[in-house]
Amino acid sequence: PPQVMLTPDSCGEEDPLAASLKKSGASHTAVLLACFLDQQASRSSFWKPYFAALPRSLAHLPLLTPVSQVDQLLQGSPTLVDIHHKRNEIDKIYDYLDNNVGIVDSISRDSFMKAWGAVESHAHSQGDGEPVMIPLVDMVNHNEPPSLKLKKQGNNTVAVATRKIEAGEEVAMSYAGGTQAVQQIFRQFGFVDRSLRVRLKIPLRLTPDDIHYEEKKVLFPPYLVRTKAMFDDAEKYTEEKSAEDLFRIRTFPSHRILWCSPEGLVNASSLKIMKPSMEDALKFLRFVTISDMEDVGQLCDASTPPECRAKDEEHEKRALERLALELEFQMKAFATTIAQDDALLAKGDPWAPYIEIRRMEKRCMHHFVQLARGEEFELPAADPEADISAWLGLGVLL
């Protein structure tokens, strides 16, 4: 029943944190966090026994691991970008509350981040996207496929078996909601589910070296064109930048999502997962590799930037090779190779979940490169003598 569920509506209008966040249009999770903090601060709270039963430490969550360590462990990983985005989002909520309500004297930024980790890692969806914290239910572990799901029934939330559950069998829920990637579950809950797909958010690029760069760059979103132009016009600013920095500033990105099968490996269903997202990436790269601007009107749509079909086989080959080159560029940002990650995992590195995530991403990128070039799927052979001494030292230190 609703009386034993902590939801974004559990706090009344008298709670200044929740009221301020609702007024600002903040996310449901942020409002739930405000209710959590309000109830946690109350000595007579109905929820006091529940709060006492929550884990004392959530150090396994990436959000609560020291930033410098996460940066080193996930260097080059798209997951690292997601973690930083989430940290920035939480910091902005904290700053908003401090500016409008004044919370810095009652809760530190670090404690606020820890509370967010507790809420986000213990809340479930009732099927409508709104998070809810339910004692006992949040003790149910994750598994795919699940044997239990939550659904709303009037004002109540009901736990329903999705299949026959044998006597003595542990019940399990899906924290993924059927759509999340392995990295999203890792970011939110701190563990790796090897049955989930790998998701790569990759910034594909139009660079100053591309043919018809000047004509093509104006076909990006106007706000991006204006921002890039401002940097170009600021002569003093550009004089202080290196050639590499200027190249990056003048590069126009278009982020695309690539999907791979679980663990970034190849199996019978891999191509069904990979090809649709690869086609989405190629729509942009065909625009980048168009050699005659007159073809843009014939081959491309009116989106910004345009998405295009191939003019001929040669054009498609250029787009495919560009995809391979872009992914190889992304892979160079990682601090380790797949073989080095294999060696670290074989030795039982204490930071195994982070290593598994970045290895999955590299495997996924590697297979997209092979697919783009029409090569046979294979992984680089593991090197038992791979130099991992620096990483082993890091693991012992941490």
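**Asp295, two disulfides and a pocket**

Asp295 counts as buried, because its relative accessibility is 13%, and the cut-off for that term is under 20%. I should state at the outset that the model under discussion is a predicted one.

Let me place this residue first. Asp295 sits in the loop that runs between helix H12, residues 270–288, and helix H13, residues 296–299. If we set aside neighbours within four places in sequence, the contacts of Asp295 are Ile290, Cys300 and Lys311.

One of those contacts, Cys300, leads to the next topic. How many disulfides does the model contain? The count comes to two. As a general reminder, a disulfide is a covalent bond between the sulfur atoms of two cysteines.

Cys300 is joined by a disulfide to Cys308, with an S to S separation of 1.9 Å. The link of Cys300 and Cys308 is right-handed, with 100° about the S-S bond. Cys300 has 13% relative accessibility and therefore counts as buried. Cys308, at 4%, is likewise classed as buried.

The other bridge is formed by Cys260 and Cys364, whose sulfur atoms are 2.0 Å apart. Here the angle about the S-S bond is 90°, and the link of Cys260 and Cys364 is right-handed. Which parts of the chain does this pair tie together? Cys260 belongs to strand E8, residues 252–260, and Cys364 to helix H16, residues 352–372, so the bridge connects parts that lie 104 residues apart in sequence. As to accessibility, Cys260 is buried at 1%, and Cys364 is buried at 0%.

I turn finally to the second largest pocket. The space in the second largest pocket is about 670 Å³. Its lining consists of 33 residues, of which Phe36, Gln40, Ser111, Lys114 and Ala115 are the closest to the centre of the pocket. Four elements give two or more residues each to this lining: helix H1 (16–24), helix H2 (28–41), helix H3 (48–53) and helix H6 (109–122). Which of them provides the largest share? That is H6, with seven residues.

For those concerned with the chemical character of the second largest pocket, the lining residues divide into 20 nonpolar, seven polar and six charged.

To summarise, Asp295 is a buried residue in contact with Cys300, and Cys300 is itself bonded to Cys308. The bridge between Cys260 and Cys364 ties strand E8 to helix H16. In the second largest pocket, H6 gives the largest share of the lining.

Definitions and conventions
Residues numbered from 1 in each chain as written. Predicted model: local features only at pLDDT ≥ 70, side-chain atom pairs only at ≥ 80, totals over all residues. Heavy atoms only, no water. Buried < 20%, exposed > 50% of the residue type's maximum accessible area, 1.4 Å probe, protein only. Contact = heavy atoms within 4.5 Å. Disulfide = S-S within 2.5 Å. 1 Å grid on protein atoms, 1.4 Å probe; cavity = no way out; pocket = protein on both sides within 12 Å on 5 of 7 lines; lining within 4 Å. Points joined across faces, edges and corners; volume = space filled by probe spheres on them. Nonpolar A, V, L, I, M, F, W, Y, C, P; charged D, E, K, R; others polar.
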